[in-house]
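Colleague: Please give me a close account of one part of this model, beginning wherever you consider it most instructive. I should then like to know how that part fits into its surroundings.

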Protein chains: 2
Amino acid sequence: MKEAVEIEQPLSSTQRAVVVEKGESSRSRYVAPGLNRGISIIDLVLRLVALVGTLGSAIAMGTTNETLPFFTQFIQFRAEYNDLPSFTFFVIANSVVCTYLVLSIPLAIVHVIRSSARHSRLILIFFDTAMLALLTAGASAAAAIVYLAHKGNVRANWFAICQQFNSFCERISGSLIGSFAAIVVMILLIFLSSFALIRH
Amino acid sequence: MKEAVEIEQPLSSTQRAVVVEKGESSRSRYVAPGLNRGISIIDLVLRLVALVGTLGSAIAMGTTNETLPFFTQFIQFRAEYNDLPSFTFFVIANSVVCTYLVLSIPLAIVHVIRSSARHSRLILIFFDTAMLALLTAGASAAAAIVYLAHKGNVRANWFAICQQFNSFCERISGSLIGSFAAIVVMILLIFLSSFALIRH
């Protein structure tokens, strides 16, 4: 329904010359720079929040271990995050997303300065989406195992290990929080970037 | 590369008047309707693919059960998907995403017809992102438990149940495929919608 509109906006010949010279910047004519700059600043702040969340989660999970005060002649009872592959994946996923967020911050700063950028926003949306999927996968796999550690499963004969490893379990449960907070923040990031795109 | 185009299209004074009246619609001058329509059609097809994937996963997981041919006086050995909360979550997540995809198809068809729509695309991006997170969470939690069922975990004393419930395990492993395929498709969907937005 908008095709008819294409013919608009008369330009004087001077203006035409300017347009030809400026090239791409002529696209940003309809931008309300103030609002887009505001969005870019919120984007930057949210990235920092997600960064702290994933970093905290990775460190909290990665440094968790508990050694029980009793042991037999052969076995010392000790729980570490890398006893369970899901927790290893959780730490890796959080580290990768954290690294990505660090790398994306310079681009986010560029968006604050040049708030009419579009192609770089599209690139960020794509990587944000991929990283959201990775982070969600890691957090969710770890959450499934944490649930199992707390409750066990009668039908599969899997016992709740949290009765023995109490502080280990509290620590791994807590480390999920940062990750799930980062998931919510990343959904907001993708929405904000799309909203900035629509304003052109 | 399309900037040069905008200085073309001389306007008669009548056309100018039309422009002034129409106001906001003048934004869409840079649209190439053909390309955006192509994107909308791909979007629609991908939605159908994701729909089939999630529906297949939900049905495959939801109808899985295995009764072992031997039993004691008190217990019959029987495995069903809802013995494990993660699998229940998997079925629910896939059903919700499948329902959402069905509901989003009319809007996708509208985008094929009115390929310059923008606000409705933004709404789709937001819900697509939320559904991507839900679907990934479900698939990943189920995958963590499937892995455990196959391999068990020596440190936590959880035994591999797949040695007994062989066909049950094969079925639940297979049902993950549709879900993970749908995740990839939904990442593409979000990227395509953003790409359509940028073309304005």
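Modeller: In this predicted model, helix α4 of chain A is followed by A:Gly152, a residue whose phi is positive, near 65 degrees. The helix that ends just before this glycine is a suitable part to examine. α4(A) runs over residues 119-151. Its 33 residues should span 48 Å at 1.5 Å a residue, and because its end C-alpha atoms are in fact 48 Å apart, the helix agrees with that expectation.

The record offers a second view of this stretch. An unreviewed UniProt entry lists residues 122-149 of chain A as a transmembrane region, together with 44-64, 84-110 and 176-198. In the model, residues 122-149 of chain A are 100% helix and 0% strand, with end C-alpha atoms 41 Å apart. Residues 44-64 of chain A, by comparison, are 90% helix and 0% strand, and their end C-alpha atoms lie 30 Å apart.

Within α4 of chain A one finds A:Ile123. Its relative accessible area is 46%, and therefore it is partly exposed; the band for that class lies between 20% and 50%. A:Ile187 is 64 residues away from A:Ile123 along the chain, and the C-alpha atoms of the pair are separated by 15 Å.

Beyond A:Gly152, the loop between α4 and α5 of chain A contains A:Asn157. This asparagine has a positive phi of about 65 degrees, although it is not a glycine. The point deserves notice because most residues other than glycine have a negative phi. A:Asn157 has 46% relative accessibility and therefore counts as partly exposed.

Chain B can be set beside this account. There, α5(B) has 33 residues that should span 48 Å at 1.5 Å a residue, and its end C-alpha atoms are 48 Å apart, in agreement with that figure. Just after α5(B) comes B:Gly152, with a positive phi of about 70 degrees. B:Asn157 is placed in the loop between α5 and α6 of chain B; its phi is positive, about 65 degrees, even though the residue is not a glycine. With a relative accessible area of 47%, B:Asn157 is partly exposed.

Returning to chain A, one may turn to helix α3 and its links with α4. α3(A) has 29 residues and reaches 43 Å from its first C-alpha to its last, close to the 42 Å expected at 1.5 Å a residue. The helix bends by about 35 degrees at A:Ile105, and the proline A:Pro106 follows within four residues. A:Ser104 also lies in helix α3 of chain A. Its relative accessibility is 3%, and therefore it counts as buried, the limit being under 20%. Apart from neighbours within four places in sequence, A:Ser104 is in contact with A:Arg47 and A:Leu124.

Another residue of α3, A:Asn94, is found within residues 85-113 of chain A. With 1% relative accessibility, A:Asn94 counts as buried. Its side chain makes a polar contact with the side chain of A:Ser179, at 3.1 Å. When neighbours within four places in sequence are left aside, A:Asn94 is in contact with A:Thr54, A:Ser57, A:Ala58, A:Leu135 and A:Ser179.

The nonpolar surroundings complete the picture. The largest nonpolar core has 110 residues, and the members that touch the most others are A:Phe87, A:Trp158, B:Phe87 and B:Trp158. In chain A, the elements that give two or more residues to this core are α2 (33-62), α3, α4 (119-151) and α5 (166-198); in chain B they are α3 (33-62), α4 (85-113), α5 (119-151) and α6 (166-198). B:Phe87, leaving aside neighbours within four places in sequence, is in contact with B:Met61, B:Tyr81, B:Ala142, B:Ile145, B:Val146, B:Phe168 and B:Ile172.

Finally, the part may be placed within its chain. Chain A has 5 helices and 2 strands, arranged α-α-β-β-α-α-α from the N terminus on. Of the 200 residues in chain A, 52% are buried. Among contacts in chain A with a separation of 6 or more, 77% join residues 24 or more positions apart.

Notes: Residues numbered from 1 in each chain as written. Chains lettered and ligands numbered in written order. Predicted model: local features only at pLDDT ≥ 70, side-chain atom pairs only at ≥ 80, totals over all residues. Heavy atoms only, no water. UniProt positions renumbered as here; feature names shortened; annotations may be inferred. Buried < 20%, exposed > 50% of the residue type's maximum accessible area, 1.4 Å probe, protein only. Polar contact = N/O pair within 3.5 Å; in protein donor to acceptor, adjacent residues only side chain to side chain. Contact = heavy atoms within 4.5 Å. Expected span 1.5 Å × (residues − 1). Bend = angle between axes of the 7 residues up to and from the residue. Core = buried A, V, L, I, M, F, W, Y, C linked by side-chain atoms within 4.5 Å.
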